[in-house]
Amino acid sequence: MVGIKSCSVYIPFSRLNRSEITKSWGKSLLKGEKAVANYDEDSITMAVNAGIYCKIDMDDESIDGLYFASTTFPYREKQSAAIIAAALDLRRDIFTADFSGSLRGSTCAMRAAVDAINSNSAKNILVCIADMRLGAPQGSSEIDFGDGAASLLIGDTGVFAAIEGSHCIFNEFIDTWRTQSNVFVLSAEDRFVREKGYINILTEAVSMALKKYHLTPKDFSKVVFYSPNPKSLIHLSRDLGFDPARQLQDSLYDLVGNTGTALGPMMLVATFKQAKVGDRILFASYGDGCDVYIFRITEEMERIRERIDVQAQLQSKQEISYQKYLRWRNIIPVEPPTRPPLEKPSPVALWRDSKRGLALFGSKCKICETPQYPAQRVCIQCYTKDQFEDYCFADKKGRLITFSHDNLAATIDPPATIATVDFDEGGRILCEMTDRDPEKIEVGMPIKMTFRIVRYSGGIYDYWWKCRPLNS
Amino acid sequence: MGSIKDKVAIIGMGCTKFGENWDKSTSDMIIEAAYEAFEDAGVEPKDIQAAWLGTYMSGLSGQTLAKPLKLKYIPITRVENMCATGSDALRNAAYAVAAGIYNIVLVLGVEKLKDSGYSGLPDSELIQGLCFSENTYRSRTYTPPGHFAMMATAYFAKYGLSPDEGKRVLALIEVKNHYNGSLHPKAHFQKVITLEEVMKAPIIAWPLGLFDCCGVSDGAAAAIITRADLARNFRIDPIYIKAMQIAVGPQEGYISTHYKWTHVEETRRAAKAAYIEGEIKYPRIEISLAEVHDCFSITELITYEDLQFSTEGQAKEDVEAGFFNLEGELPVNTDGGLKCFGHPIGASGLRMLYEVYKQLQEKAGPRQIKNPKLGLTHNLGGTPGSATASVIIVGL
C-alpha cells in the first residue's frame with residue numbers, strides 16, 4: 001500500500017516572541033512565538049535540511065523523484081527541486097518538479113507522488129515542503145506567519161502511514177494571495193475568508209471524504225487540519241463532530257506560527273511522532289481547494305519513531321528581536337558596511353564544482369584513506385595523484401577545533417563566526433558557524449553541517465554549507 | 001643546495017612615511033623611496049641595471065616602476081607573494097646579483113591601499129576566492145583578523161590560558177610595539193598606549209581587539225643591492241645578506257587535521273632553512289634584533305616560538321620578562337612593526353629590512369640597540385594553515 005515511509009521537519013533556530021512585535025504596533029490576540037528563518041536561509045535551504053533526514057535510511061540511488069512545494073521560491077525561473085536534488089545528491093535520471101502558487105501545494109506534491117507510485121512510474125519519491133512567507137509590518141499576517149519545512153518520503157514498501165483513502169476538491173476563491181510584484185501576502189476580509197472559505201471548504205471536503213469511506217469522526221485517533229488560526233480550527237472541528245480536546249493535533253501556532261504550505265505536513269509529522277500502531281489519522285490541507293487524506297499507522301512506525309525529532313527542534317531555539325527580524329528579511333534598508341561589494345558568483349565555477357559545493361562532496365584517497373575537503377586530485381597526505389573516491393561530508397558529525405567571532409566581516413548579522421571543524425571520521429573544513437549563541441561557543445564542542453545561502457549577488461543564490469552546534 | 005651567505009650586499013635603502021597618505025599616489029611613493037635609496041647608495045637611476053618590484057595590488061607589470069622613475073628599457077619583474085612580497089622581491093633580485101648577471105639592482109616594494117574607500121583590506125571577494133580556493137564556495141567575508149584570531153583561540157586553549165590571561169600577554173606585545181613606534185618619525189602610529197587601553201579596546205575578531213590588529217597603510221620602501229665583492233666601492237658599511245629563505249605552504253592547515261592552529265609551519269621551515277644557510281646554531285643568542293610580521297599580536301607571539309627565539313609554549317614567559325623589549329636581550333620590532341609602522345603589503349618586507357639595515361649601521365637614533373651583529377626579518381603572507389613565510393638574515 002502506498003504511504004509515507006520516512007518523514008522529518010525543519011524548524012529554524014530563531015524565535016520571535018509576538019510580544020516583541022506588539023511592542024511596536026499594539027495588541028494581538030495571538031500569543032506565543034513564531035519561527036524565523038535566519039538571514040542565510042530560504043525555502044530551498046530549509047527543504048534540503050529537512051530532506052537530508054529522509055535520505056538516511058534510503059540509498060540515494062533508490063529515490064526516483066524530488067517534488068518541492070512552496071509559495072516562496074527563491075527563483076521565479078529556475079527549478080528549486082533540481083537544486084534540492086543536487087544538494088541531496090540524488091540520481092540523475094529522476095523526475096524533479098516544483099509545486100507552486102498554493103497553500104495546498106504540499107498535498108498537490110503528495111498526490112502527484114502517490115499517483116506516480118500507483119502507476120508504477122516510480123518506487124520512492126521524496127516530497128519536500130518549505131515556506132517563508134512575509135506579512136507586512138503592523139498587520140496580522142506578520143503576527144501569524146512563521147517559517148519552516150518538512151519532508152515526506154512516499155513509497156509502497158516499509159510504509160509506516162499507509163494511505164487508506166483520499167478526496168479532493170478545488171475552489172476558486174480570493175482569501176490570501178500574492179502577485180509577482182508583491183513582497184507581502186495580501187488578504188481579504190477576515191470573516192468572509194473564514195466563513196465562506198476555510199470553514200466552508202474544509203467542511204465540504206472532509207464530510208464528503210468520510211461519507212465516501214463510510215467513516216465517522218469516532219474512527220479517527222487524530223485529526224490534522226491546516227488552519228489560518230487556532231480558533232477557526234476548534235470551531236471547524238466541533239462542527240464536523242470531532243472532539244478538539246482529544247483528537248486535535250496541536251496547531252503549532254504558539255510555537256512556530258503559520259508556516260504556509262508547510263504547516264499541514266509539519267503538524268502531520270508531529271502527529272506521527274505520538275501515533276500508535278493501528279491509529280487512523282485524518283489530514284486535510286487548504287488553499288484553492290482542499291485535499292483530504294486518511295492514514296493508517298502500521299508496525300513500521302516503531303522503526304521510525306525515535307528518529308522524528310520535532311520536540312528537540314521545538315526546544316532548540318534562541319530569541320531574536322523584532323529589529324533583527326526586520327533586518328534579516330530586508331524589510332528595512334540599512335547602511336551597508338564600508339566593505340567591498342560582493343562579487344557575482346561564476347556560473348562556470350559553480351557548475352564545475354556543483355557536487356562538491358551543493359552536496360558537500362570531498363575526496364577520500366584510495367591509498368592512504370584520508371578524507372579531504374575540498375576534493376584534492378593530489379592527496380594532501382601521500383601525494384598520490386587522481387586515485388580518490390567521492391566522499392560526502394554533508395551528513396558527517398565533527399568537533400570544533402578553533403573559531404573566532406569576526407566583527408569586521410561583512411555580514412547582515414555580525415559577528416560572523418569562522419570555524420575550523422574536524423570530522424569524527426576524518427577530514428577538516430573551514431566554514432562559518434550559524435545558528436549559535438556566540439557566548440556559548442567552545443573549542444571541542446560537537447557540530448553538524450547545515451545547508452545555507454552564503455551569498456546573493458548578481459541575481460544568483462550561492463548555496464553552500466555552514467556548521468552549527470549539534471546540541472543547541 | 002647552494003647558499004647566499006655573504007654573496008650579496010645592500011648598499012642603499014629608502015623608505016617613505018607609512019600611513020594614510022591621502023595626498024600621495026603610488027608613483028609619488030615610488031619616487032620618494034627610490035630616490036632616498038639612490039642617495040644613500042650614491043648611485044643614479046641610470047646606473048640601475050635591473051629592478052624587482054614588489055606589490056600585491058597596486059600596479060601590474062614592471063611598468064609600474066619604470067614609468068615614474070623613467071627606468072629605460074631595463075629588465076623589471078613584478079613579484080607578488082601576498083604579504084611576503086617585499087622580501088620575495090629582494091630574494092629574486094639577490095639571486096640575479098649573486099649569479100653575476102647584474103651589478104647594481106633596485107628592489108622596491110609599494111602599496112597604495114587607502115584609495116579604496118573601505119575599512120580593512122580592499123580585497124575583492126574574487127581575489128580572496130582565488131587566493132584560498134579556485135571554486136567560488138570559499139569566496140566569502142572571512143577577514144584576516146578572523147583567520148589569525150583562530151590561532152589565538154587555539155593557543156589559549158592549548159596552554160590553558162583564560163581569555164583574560166591570553167589577552168594580557170598579547171597586550172604586553174602591543175604596548176612594546178607602540179612604545180617603539182613612537183620613536184620613529186616615519187611610523188603610521190606614533191602613540192604610546194597602556195596595557196589597560198589594549199585590554200579594554202573593542203573586539204575586532206574575538207579574542208583580538210583593536211590594538212591587536214595592524215591597520216591598513218600606504219607606503220613604499222626600496223633597496224639598492226650589489227655583489228658582496230663590489231660593496232665597499234659604494235660605502236664603508238654595507239650590510240651583507242647571510243640567509244634568504246621562503247617557505248610556501250599548500251594550504252595544508254585547511255585540509256589536514258594534523259595542523260592544530262598553534263604555530264605557523266611555513267615560518268618554522270623557512271627559519272630552519274635560513275639558520276642552516278646562515279650557519280646560525282643558537283638564534284636566541286646569535287640574532288641581535290628581529291623585525292617580525294606582527295599583522296596581529298598573536299602572530300608575533302607565535303612567531304617567537306616558530307623562529308626558535310622561545311621554546312614551544314614558553315613565549316609567554318619571555319614576553320612577561322621583557323626579553324623582546326627595546327632594552328631586552330633580543331629586541332623585536334624596534335620600529336613598531338606592522339602594528340605601528342604600518343603594513344602596506346608590498347612594502348613591508350623591505351621596511352623591515354630598512355630598520356635592520358639602519359640598526360646595523362648604528363643610525364637608529366633613539367631606537368638604537370647596542371652592538372648589533374645579525375638582524376632577521378620575518379615576513380608572512382596568507383593565513384595560518386595556508387601561508388608564505390620569508391626569513392632573511394643580514395649582518396655586518
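**Figure 1. Helix 11 of chain B and the residue that follows it.** Just past the end of helix 11 of chain B, B:Gln308 adopts a positive phi of about 65°. The model shown here and in every other view is a predicted one. Helix 11 itself spans residues 297-306 of chain B and is mostly covered, with 10 of its 10 residues buried. If you want to find them by name, the buried residues are B:Ser297, B:Ile298, B:Thr299, B:Glu300, B:Leu301, B:Ile302, B:Thr303, B:Tyr304, B:Glu305 and B:Asp306. What does the covering of helix 11 of chain B include? Look for helix 5 (144-158), helix 6 (163-181), helix 9 (265-277) and helix 12 (315-320) of chain B, along with strand 6 (208-209) and strand 10 (374-383) of that chain.

**Figure 2. Helix 6 of chain B against helix 11 of chain B.** Here we zoom in on one of the elements that cover helix 11 of chain B, namely helix 6 of chain B. The two helices pack at an angle of about 95°, and their axes are 9 Å apart. An angle from 65 to 115 degrees counts as roughly perpendicular, so that is the label for helix 6 of chain B relative to helix 11 of chain B. Helix 6 of chain B brings B:Val169, B:Leu170, B:Ile173 and B:Glu174 to the contact, while helix 11 of chain B brings B:Ser297, B:Ile298, B:Glu300 and B:Leu301. By residue type, that contact splits into five nonpolar, one polar and two charged.

**Figure 3. Helix 3 of chain B crossing helix 14 of chain B.** This pair involves helix 3 (residues 85-98) and helix 14 (residues 348-360) of chain B, whose axes come within 5 Å and cross at roughly 75°. Helix 3 of chain B is therefore roughly perpendicular to helix 14 of chain B. Which residues make the contact? From helix 3 of chain B they are B:Thr85, B:Gly86, B:Ser87 and B:Leu90, and from helix 14 of chain B they are B:Ser348, B:Gly349, B:Leu350 and B:Leu353. The tally for this contact is three nonpolar, five polar and no charged.

**Figure 4. The largest nonpolar core.** This core holds 254 residues, and the ones with the most contacts inside it are A:Ile84, B:Val107, B:Ala222 and B:Ile225. Domain 1 (3-328) and domain 2 (347-469) of chain A each put at least three residues into this core. To get your bearings, try B:Ile225: leaving out residues up to four places away in sequence, B:Ile225 touches B:Val8, B:Ala9, B:Ile10, B:Ile11, B:Ala93, B:Ala94, B:Val97, B:Val105 and B:Val107. As a rule of thumb, nonpolar side chains in soluble globular proteins tend to be buried together.

**Figure 5. Where the two domains of chain A meet.** The domain assignment splits chain A into domain 1 (3-328) and domain 2 (347-469). Their centres, taken over C-alpha atoms, are 30 Å apart. The contact uses 17 residues from domain 1 of chain A and 19 residues from domain 2 of chain A. On the domain 1 side, helix 2 (43-55), helix 3 (80-87) and helix 12 (322-328) of chain A each supply at least two residues. Helix 2 of chain A gives the largest share of that side, four residues. The domain 1 side divides into eight nonpolar, four polar and five charged residues.

**Figure 6. Chain A meets chain B.** Between the chains, 40 residues of chain A are in contact with 36 residues of chain B. Elements of chain A that each supply at least two residues to its side include helix 13 (347-352), helix 14 (354-358), strand 18 (397-406) and strand 21 (446-457). The largest share of the chain A side, six residues, comes from strand 18 of chain A. The chain A side breaks down into 19 nonpolar, 12 polar and nine charged residues.

**Figure 7. A:Asp98 and its surroundings.** A:Asp98 sits in strand 5 (residues 95-100) of chain A. Is A:Asp98 buried or exposed? A:Asp98 counts as buried because it has 20 C-beta neighbours inside 10 Å. Setting aside residues up to four places away in sequence, A:Asp98 touches A:Phe68, A:Phe73, A:Gln79, A:Ser80 and A:Ala81. A:Phe73 is 25 residues from A:Asp98 in sequence, and 9.0 Å away C-alpha to C-alpha.

Terms used. Residues are numbered from 1 along each chain as its sequence is written. Chains are lettered from A and ligands numbered from 1 in the order in which they are written. This is a predicted model: local features need pLDDT of at least 70, side-chain atom pairs count only at pLDDT 80 or more; totals for chains, interfaces and linings use all residues. Two residues are in contact if their C-beta atoms, placed from the backbone, lie within 7 Å. Ala, Val, Leu, Ile, Met, Phe, Trp, Tyr, Cys and Pro count as nonpolar, Asp, Glu, Lys and Arg as charged, and the others, Gly among them, as polar. Domain bounds come from an automatic or database domain assignment. A residue is buried if 20 or more other C-beta atoms lie within 10 Å of its own, exposed if 12 or fewer, and partly exposed in between; C-beta atoms are placed from the backbone. A nonpolar core is a set of buried Ala, Val, Leu, Ile, Met, Phe, Trp, Tyr and Cys residues joined through C-beta atoms within 7 Å. Axes are lines fitted to C-alpha atoms, for helices over the stretch in contact, and angles run from 0 to 180 degrees between N-to-C directions. Angles under 35 degrees count as roughly parallel, over 145 as roughly antiparallel, 65 to 115 as roughly perpendicular and the rest as oblique.
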